[in-house]
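Colleague: I should be grateful for a close look at a single part of this model, namely one helix and the elements that surround it. Please set out how that part is packed and then place it in the wider chain.

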Amino acid sequence: MFNRTLRAAVGHARRLPALSATRLQWRHRVLQVRACADARAASLRVLDDCLELKYGDTPMRFNYVWLRDHCRSASSYNPATNQRSLDTAEIDLRVRPESSRIEEGHVVLTWPDGHVSKFSLDWLAANSYEVKKQGVVQPRVLWNAGVYEGANVPAAEWEKFMSCDAELRQFLQNYLLYGIAFVDGVPATVEATEAVTQRISLIRQTTYGGMWSFTSDFSRGDTAYSQLALDHHTDTSYFQEPCGIQVFHCLKHEGTGGRTLLVDGFHAAEKLRQRSPRSFRLLTQVPIGHEYIENTDGHQNHITGIGPVLNVYPWNDELYLIRYNNYDRSVINTVPYDVIQRWYEAHRELTTELRRPENELWVKLNPGKVIFVDNWRVLHGRESFTGLRQICGCYLTRDDVLSRARGFRLHV
Ligand SMILES: [Fe+2]
């Protein structure tokens, strides 16, 4: 949808008022330069409305305003902070370079005001739309229960995790790839659980507090505070930005049942995309509201969030967020009736995929085992249980965890 919109916008731009006589000369003027950089041939074509670069396997096209806006010169850009110094609003929207050439692995453009921009060929290739749309933002291993168990992903070990950056880096790598990761041997206290999470990131404050700890005492309005089984879901779907990471630690359980259910939502969604692309697309387009209302002693909350069940990056269709919570889904009143019928069918198809027994990973969380769950990807649930069960945990903000991972030069 985005691509269609983008193309429409570009088509509109081509119908803008005629170019000046000087600029018309660019229309059929093709400047072709060949150079050898990094053992790869590069060639430029200066077209009417863009600079075409061939370098490597993919032809790339760069808009002229974009090139001026992304100038890497000292007066335009601060390389220490990656921040732009120039005022984009000052750029002539019809700007064209006076000259262009390839020189020592760089594209060199001279603008009408005499300013010179130099871009390395590799930088342009890495940042072109054509290359970007072929890659993924975050590499992942999609899994069902058999795949995850077969991978034998090791849990981090508490003492090493707290003191050794290599252990933390490996933990984060596993987390990014699979959407779940474990730390074993953690003392069964709220304080130790807090320490293990703070080793990674900031704790997100929500209506449930920072670190929370509860027993099945119905003390809050949410069904999580009961002994009932919970179908798989993502948490805080009613936040405009659902919490990124969920941390659980079972501090004590004197009773039976209570295993945790984990399902890779992206694995299920990709199966749906393969089998029924129209249903997948619909679930990325129809906005759905979620709502949390709580009215108990000391807790009055009314929170709403809206967004599609499946969220994809518009340039490469890569999934980045699933918002699936049948408990908290609110009244659907922004979609016409005929679309709603198709939406229910698509939702049913996704639910069928999520509920396939082979996709369900069941884990018993004993005291000492802390789990981190990517709440934008992996759904969780639990079986019913008996007896006293004390759980603690918290939410982390996805931005902070990914920032931490980038600090270790992990691909996110
Ligand atoms: Fe939950």
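Modeller: The following account begins with helix α11 and its neighbours and then turns to the strands and to individual residues.

The model is predicted. Its chain contains 13 helices and 24 strands. Of the 412 residues in the chain, 30% are buried. Among contacts with a separation of 6 or more, 71% link residues 24 or more positions apart.

Helix α11 spans residues 277–285. Its buried residues are Phe 280, Leu 282 and Leu 283. These cover an arc of only 160° around the axis, so they lie on the same side of α11. On the face turned away from the buried side, α11 carries the exposed residues Pro 277 and Arg 278. The cover over the buried residues of α11 includes α10, β19 and α12. The two helices in that list can be considered in turn.

Helix α12, residues 337–354, packs against α11 at an angle of about 110°, and the axes are 9 Å apart. Because angles from 65 to 115 degrees count as roughly perpendicular, α11 and α12 are roughly perpendicular to each other. From α11, the contact involves Ser 279, Leu 282 and Leu 283. From α12, it involves Arg 342, Trp 343, Glu 345, Ala 346, His 347, Glu 349 and Leu 350. By class, the residues of this contact are 5 nonpolar, 2 polar and 3 charged. Leu 282 and Leu 283 thus appear both among the buried residues of α11 and in its contact with α12.

Helix α10, residues 265–275, packs against α11 at an angle of about 130°, with the axes 5 Å apart. The two helices α10 and α11 are therefore oblique to each other. Here Ala 269, Leu 272 and Arg 273 of α10 meet Pro 277, Ser 279 and Phe 280 of α11. The contact of α10 with α11 comprises 4 nonpolar, 1 polar and 1 charged residues. Ser 279 takes part in the contact with α10 and also in the contact with α12. Phe 280, which is buried, belongs to the contact with α10, whereas Pro 277, which also meets α10, is exposed.

Helix α10 has its own buried residues: Gly 265, Phe 266, His 267, Ala 268, Ala 269, Lys 271 and Leu 272. Of these, Ala 269 and Leu 272 are among the residues that meet α11. The elements covering the buried residues of α10 include the helices α11 and α12. They also include the strands β16 (260–264), β19 (310–312), β20 (319–322) and β23 (378–382).

Beyond the end of α12, Arg 355 occupies the loop between α12 and β21 (360–363). Arg 355 has 13 C-beta neighbours inside 10 Å and therefore counts as partly exposed. Its C-alpha lies 8.6 Å from that of His 232, although the two residues are 123 apart in sequence.

Elsewhere in the chain, strands β7, β8 and β9 form an open sheet in the order β7-β8-β9, with antiparallel pairing. Its edge strands are β7 (99–103) and β9 (116–120), each of which pairs on one side only. On average, neighbouring strands of this sheet are turned by 20° against each other, direction ignored. Strand β8, residues 106–110, pairs with β9 over 5 bridges. Within that pairing, Val 107 has Phe 119 as its bridge partner.

Ser 100 lies in β7, and its 19 C-beta neighbours inside 10 Å are the reason why Ser 100 counts as partly exposed. Ser 100 and Thr 110 are 10 residues apart in sequence, with their C-alpha atoms 6.4 Å apart. The loop between β7 and β8 contains Glu 104. Phi of Glu 104 is positive, near 50°, in a residue other than glycine. Glu 104 counts as exposed because it has 11 C-beta neighbours inside 10 Å.

A positive phi is also found in Asn 82, at about 60°, although Asn 82 is not a glycine. Asn 82 sits in the loop between β5 (77–78) and β6 (83–84). With 7 other C-beta atoms within 10 Å, Asn 82 is exposed.

Finally, β3 (residues 51–55) and β4 (residues 58–62) run antiparallel and are joined by 5 bridges. They form a hairpin with 2 residues between them. Tyr 55 stands opposite Thr 58 in β4, and Gly 56 in the turn has a positive phi of about 80°.

Key. Residues are numbered from 1 along each chain as its sequence is written. This is a predicted model: local features need pLDDT of at least 70, side-chain atom pairs count only at pLDDT 80 or more; totals for chains, interfaces and linings use all residues. Axes are lines fitted to C-alpha atoms, for helices over the stretch in contact, and angles run from 0 to 180 degrees between N-to-C directions. Helices (H or I, at least four residues) and strands (E, at least two) are DSSP runs, numbered from the N terminus. Angles under 35 degrees count as roughly parallel, over 145 as roughly antiparallel, 65 to 115 as roughly perpendicular and the rest as oblique. Two residues are in contact if their C-beta atoms, placed from the backbone, lie within 7 Å. Ala, Val, Leu, Ile, Met, Phe, Trp, Tyr, Cys and Pro count as nonpolar, Asp, Glu, Lys and Arg as charged, and the others, Gly among them, as polar. Two strands pair if DSSP finds at least two bridges between them. A residue is buried if 20 or more other C-beta atoms lie within 10 Å of its own, exposed if 12 or fewer, and partly exposed in between; C-beta atoms are placed from the backbone. The arc is that of the directions from the helix axis to the C-beta atoms.
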